[in-house]
Amino acid sequence: MLEILITYPLVLLFVVAAMGYLVGQVRIGGSSLGVAAVLFTGLGFGAIDPRMQIPEIILLLGLSLFVYTIGLSSGSAFFKAYQKNGFRDLTFVLLTMTGTGVIAALMWLLFDFSAASITGIYSGSTTNTPALAGVIDYINNSYPAHQAKGMVEDSVIGYSFSYVMGVLGGIIAITVTEKLFRIDYKAEAKQLRKIYPVGEDLISSTIEITNSEIGRTELRDLFKQHNWNIVFGRLYRGGEAILVQWSQAFLVGDLVMVVGSREDLDEAIEVLGKEVNAALENDRKEFDVRHIFVSNPEMVGRTVASLNITEKFNTVITRLRRGDTEMLVKGDTILELGDRIRFIARREDLKELSKLFGDSYKAAGKVDLFSFGVGISLGLILGNIVFNFGSAISFKLGYAGGPLIVGLLLGALRRTGKVVWTLPYSANVTLQQLGLILLLSAIGVRSGQAFIQSISVEGIWIFLSSCVISLAAAFSMLVVGYKFLKMPFSLLTGMVANQPAILDFASSRVGNNIPLYGYAMVFPIAMVVKIIISQILFLVLV
């Protein structure tokens, strides 16, 4: 069996992925590693025999797929968040990263490392391969070959020994800090549901209008006055059913069906009247209900208001399901491929609405290979452009930064003419998971031997230094961000996740996609800052 794994790298890849997945399902004390276990399983296989290798192209493919799909799914929320808190978040990241660089310099002073070694340790502790590559490139271009060879080896050894702790540091910090601060992720999700599409516990309720003072007030004016986060469906008046429109004014005795969370419904009931036990949604005589898939590319990237649906059909959209996330539909809701919309309308209108939106589950799950190929190609090209800051510092965004930045831009843009850049939700999740498994399997196997070799005197000091750097970076970001800047802890877990294994762990702990937005917000900036700091460290300490 060992010879098969050595001879056939693809067999090794899928054996590591399968066994890692099984290990990740094991729960200890109510927690599990999830997909992150693939990394540690790969470390175990790589430690068995140095001949076990997974080609680097697999690693790069996995990394590019993972960050590009995150960019596509996070682009809109990324720019919205930076419009609101851009200066605060940017300053926070810069100060945290600078502090980490100072700690690395202190480790150099304490343990008498070479400049090349501490640069490698810093790069590994922050799991930043482009930072290591930038320093190696500078060394090779600035020193004679015989001198550069030793420096490069020192930096690679430092990186290899410290990389594992760079992953573990974030996981440990999240686990400890969430218990210390007694984080309630569900409560945070409720507070953030107006900013991020995290889903809501939606229910329907029937309200009897008893407040005579609102009789002449149109529904649009009621929304302006009370800022409700609800949707109105049917209205029953005198035994007849109609659909509620924005110009609707209510009369005492009207029965209206309303959809929203329990808290939001209670706010509306306090203004309108009282809740009654009448399941209006079960009455299908006048209007029927249907869930329709968005599979028509013409609908993608457009707001619900821009479609003018209510002017063409006698219908109301009450809610939308995107993956496992259910949300209310409003005028500014932007549609994506694979969305499942709940319509209330006449039966003949429902047939026409199905044609308009496509309503094909198969079509909604397909990947547009043209837009996907063009987008990820642009990301890879951007990642390989060399940026120079004078003669001493240069860097490339690499296979992570380039695809992520392009993914964010295209995800926010959503479409250009007839070209739809975003992916169907199910396809995005699948490609993201595939990329993560390829990446973690390759990194684990390739780092296995270095992890074993770290069990030496030099390796122990390197490992201890990486513990200090990685834990200090993660804990400082979580504590300062949550306690002093009052940032949501769910978002901070993604900001700490400088490596995909940490991000997956954070998402599994939080139970929603908020960590993905934190990751997308910080990663491009943090990566560039780390590249610059690593080269400054080398230049100052050499």
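**Talking through a predicted chain**

Colleague: What share of the contacts in the chain with a separation of 6 or more comes from residues 24 or more positions apart?
Modeller: That share is 79%, counted among contacts in the chain whose separation is 6 or more. Please keep in mind from the start that this is a predicted model.

Colleague: Okay, and how sure is the predictor, going by the average pLDDT of the chain?
Modeller: The average pLDDT over the chain is 84, and 92% of the residues score at least 70.

Colleague: Where is confidence lowest, and where is it highest?
Modeller: The lowest mean, 68, belongs to strand β11, which covers residues 393-396, whereas helix α14, made of residues 369-383, has the highest, at 93. As a general caution, predicted coordinates should not be read in detail where pLDDT is low.

Colleague: How many helices and strands are there in the chain?
Modeller: The chain holds 20 helices, and alongside them there are 13 strands.

Colleague: And the overall size, what box do the C-alpha atoms fill?
Modeller: Taken along the principal axes, that box is roughly 90 × 50 × 45 Å. The radius of gyration of the chain is 27 Å, which agrees with the value near 24 Å that a compact globule of 542 residues would have.

Colleague: What percentage of the residues count as buried?
Modeller: Of the 542 residues, 53% count as buried. The accessible surface of the chain comes to about 24,000 Å², and carbon and sulfur atoms contribute 60% of that surface.

Colleague: What about charges, how far apart are the mean positions of the positive and negative ones?
Modeller: They are 2 Å apart, with 45 positive and 43 negative charges in the chain.

Colleague: Let's pick a helix, then: is α19 mostly covered or mostly open?
Modeller: Helix α19, residues 500-510, is mostly covered, since 10 of its 11 residues are buried. Among the buried ones are P500, I502, L503 and F505, and the buried set also includes D504 and R509.

Colleague: Which residue follows α19?
Modeller: The helix is followed by G511, which has a positive phi, near 90 degrees.

Colleague: Which residue other than glycine has a positive phi near 60 degrees?
Modeller: D112 is such a residue, and it sits in the loop between α4 (56-111) and α5 (115-125). R414 is another residue that is not a glycine and yet has a positive phi, of about 70 degrees, and its place is in the loop between α15 (398-413) and β12 (415-416).

Colleague: Why does D112 count as exposed?
Modeller: D112 has a relative accessible area of 68%, so it lies above the cut-off of over 50% that exposed residues must meet. R414 is buried because its relative accessible area is 9%, which falls under the 20% limit.

Colleague: Switching to S73, which helix is it in, and what does it touch?
Modeller: S73 lies in helix α4, and, not counting residues up to four places away in sequence, it touches N428, Q432 and Y517. S73 counts as partly exposed, at 34% relative accessibility. Its C-alpha atom is 12 Å from that of I405, although the two residues are 332 residues apart along the chain.

Colleague: You mentioned Y517, so is that one buried or exposed?
Modeller: Y517 is buried, with a relative accessibility of 7%, and its place is in helix α20, residues 514-541. Between the C-alpha atoms of Y517 and A278 the distance is 40 Å, with their places 239 residues apart in sequence.

Colleague: And F475, which residues is it in contact with beyond its sequence neighbours?
Modeller: Leaving aside neighbours within four places in sequence, F475 is in contact with A173, V176 and T177. F475 is found in helix α17, residues 457-484, and the C-alpha atoms of F475 and V176 are separated by 9.1 Å although these residues are 299 residues apart along the chain.

Colleague: Why is F475 called partly exposed?
Modeller: Its relative accessible area is 28%, which lies between the 20% and 50% cut-offs, and therefore F475 counts as partly exposed.

Colleague: Last one, where does R346 lie?
Modeller: R346 lies in the loop between β9 (340-345) and α12 (347-357), and it is in contact with E286, F287 and N314 once neighbours within four places in sequence are left aside. R346 counts as partly exposed, at 33% relative accessibility, and its C-alpha atom is separated by 56 Å from that of T41, a residue 305 residues away along the chain.

Notes
Residues are numbered from 1 along each chain as its sequence is written. This is a predicted model: local features need pLDDT of at least 70, side-chain atom pairs count only at pLDDT 80 or more; totals for chains, interfaces and linings use all residues. Side-chain values use heavy atoms; hydrogens and water are left out. Helices (H or I, at least four residues) and strands (E, at least two) are DSSP runs, numbered from the N terminus. The radius of gyration is taken over C-alpha atoms; the globule rule is 2.2 Å times the number of residues to the power 0.38. Buried means under 20% relative accessible area, exposed over 50%, partly exposed in between (1.4 Å probe, protein chains only). Contact means heavy atoms within 4.5 Å. Accessible areas come from the Shrake-Rupley method with a 1.4 Å probe; for residues, only the protein chains shown count as cover. Lys and Arg count as positive and Asp and Glu as negative; His and the chain ends are not counted. The place of a charge is taken as NZ of Lys, CZ of Arg, CG of Asp or CD of Glu. pLDDT is the predictor's confidence in each residue, from 0 to 100.
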